[in-house]
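I opened my notebook today to look around a protein, one entry at a time. Come along and keep the viewer open beside you.

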Amino acid sequence: MTNSPHPVDRGLPAGRLLLLGLQHMAIMYTGCIAVPLIVGSALHLDDASVALLVNADLFVAGLATLVQSVGIGRVFGIRLPVVAGATFTVVNPMILIAAQYGITAVYGAMIVSGVFGLLIAKPFAALIRFFPPLVSGTLLLVIGVSLLGPGAAMIAGHDTGDPSYGDPANLGLAFGVVALVVLFTRVLRGFLGQIGPLVALVLGVVVAVPLGRTHFSGVADASWFGLGSPFHFGAPTFPIAAVVSMCVVMLVSFTETTADLIAVGEITGRPATGSDLARGLATDGLSAVLGGFMNSFPDTAFAQNVGLVQMTGVRSRWVVAVTGGLLVVMGLVPKIGAFIAAIPEPVVGGVAVVMFAMVAAVGVQNLKKVDFSGNHNAFVVAVALGVGLLPAFGLDRSGNSIFFQHFPAWLRTICGSPITVAAVLAFVLNLLFNHLGRRRDPDPLGTP
């Protein structure tokens, strides 16, 4: 009798693969292109250069997604349904480096940080034994909750001081999409249930057209083919301060990716081992090297797609491989990317907030495995959750974290990320209370 393949390795009919892959792409697309748009605007690049950044970003993200899902030998790719996209952690460091040393220093530092990531991927992955459900669950909960801020910005607007912020039409679109996701999840079964978020998104676009929320003029203006040549902005340079800053970004990205990879392993029923994590993290490093050459950005595992895997129950990594292929095509054919970009943000945001919250729900599921009796585990969660989320709530009117704005730039790179703060606290507090010396009882929060 032949053993059937694990659901992660199981293929699906071509039509289903395409639709499910398209669904993953629709969920991550806005977040993926936000990074090049923000960086391009901050650096005052012309429209052609910003378009080049977007194309390169999609192309490299597609390659990284393909590598994560399909794998390359024993070195790259976790071989799980992991979607890669540009990390927001890189935005502020890139802007600061470009202002002080020029854009060529940005990409030189990015290449070095990628090599650094390749070298430390295996040692970093060896820390998995210190990421029990107490740590990984807390970190996933923080990831999901902290991402709700960007989700709200997609729905209500990116500037709270703008008179149009919270436009009822935008909120109505988003909440309507959320209602459709709930309805389809409850009513639809089988394949239709699995593509419920995609159907809700399409219906949201249909409603948005007569409301004037879609703008397809950019599709006609976009070219059919385009990808910038390597080192488009000039030969890379390597200032020490810039290199150190980007290496810190790589460590932050590794922390976020580790939590997401652990979550995907739990959801799919194929828990990630140390060697699995090493291959997944090495792919992050590879994406930074490719990004430095191709005028793009370092990639990390996208949490919203982790939430989608949890919600739909589709565990096949070949679905995500299709997503990677679609992203590569969009990186090469800007006209396709422009069409997807015309989807109104409130429509995408309505689906995204559900996906972000699903990541938090996975964290809660992990925490259910933790023994909270007669120990300090509840205290560890409380401190990591409370302090870790502070940067997510100390924001300026444009949604940028300013909680640590008076800290040195290199320290803001670390402390400005709720994910990193929570990861460090949960990791250290778990060691302090559960590994070093004797445990003290009872729990200070009074847990029975």
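**Entry 1: ground rules.** I started with a definition: helices (H or I, at least four residues) and strands (E, at least two) are DSSP runs, numbered from the N terminus. I also noted that the expected span of a helix is 1.5 Å times one less than its number of residues. My model is a predicted one, where local features need pLDDT of at least 70, side-chain atom pairs count only at pLDDT 80 or more, and totals for chains, interfaces and linings use all residues. Residues are numbered from 1 along each chain as its sequence is written, and side-chain values use heavy atoms, with hydrogens and water left out.

**Entry 2: helix α11.** I looked up how the length of α11 compares with the expected span: its 29 residues should cover 42 Å at 1.5 Å a residue, and its end C-alpha atoms are 41 Å apart, which agrees. Next I asked how many residues of α11 are buried. Buried means under 20% relative accessible area, exposed over 50%, and partly exposed in between, with a 1.4 Å probe and protein chains only. I found 24 of the 29 buried, so α11 is largely enclosed by the rest of the structure. Just after α11, G269 takes a positive phi of about 80°.

**Entry 3: T257.** I picked T257 because it is buried, with a relative accessible area of 0%. T257 is found in helix α11. Contact here means heavy atoms within 4.5 Å. Not counting residues up to four places away in sequence, T257 touches L281, D284, T300 and A301. With T300 there is also a polar contact, side chain to side chain, at 2.6 Å. (A polar contact is a pair of N or O atoms within 3.5 Å; within protein, one must be able to donate a hydrogen and the other to accept it, and residues adjacent in sequence count only if both atoms are side-chain atoms.)

**Entry 4: the cores.** A nonpolar core is a set of buried Ala, Val, Leu, Ile, Met, Phe, Trp, Tyr and Cys residues joined through side-chain atoms within 4.5 Å. Which residues have the most contacts inside the largest core? I found M94, L139, I143 and F297, in a core of 93 residues. Helix α11 (residues 240-268) gives the largest share of this core, 13 residues. A second, separate core has 13 residues, including A61, V83, F302 and L327. Back in the largest core, I listed the contacts of F297, leaving out residues up to four places away in sequence; among them are V35, L53, V90, M94 and M110.

**Entry 5: helix α5.** I checked helix α5 (residues 133-146) next: its 14 residues should span 20 Å at 1.5 Å a residue, and its end C-alpha atoms are 19 Å apart, which agrees. Of those 14 residues, 12 are buried, so α5 is largely enclosed by the rest of the structure. The buried ones include L139 and I143, along with G137 and G144.

**Entry 6: two phi angles.** Most residues other than glycine have a negative phi. I therefore made a note of N295, where phi is near 65°, a positive value in a residue other than glycine. N295 sits in the loop between α12 (274-294) and β2 (299-301). Is N295 buried or exposed? I found it buried, with a relative accessible area of 1%. R79 also has a positive phi, near 60°, and its place is in the loop between α2 (47-70) and β1 (84-86).

**Entry 7: helix α20 and L429.** α20 has 17 residues and reaches 23 Å from its first C-alpha to its last, close to the 24 Å expected. The helix is mostly covered, with 13 of its 17 residues buried. I zoomed in on L429, which lies in this helix (residues 418-434). L429 is buried, with a relative accessible area of 12%. Setting aside residues up to four places away in sequence, L429 touches V380, V383 and N434.

**Entry 8: G394.** Which loop holds G394? I traced G394 to the one between α18 (390-393) and α19 (409-415). G394 is buried, with a relative accessible area of 16%. G394 and F404 are 10 residues apart in sequence and 8.5 Å apart in space, C-alpha to C-alpha.
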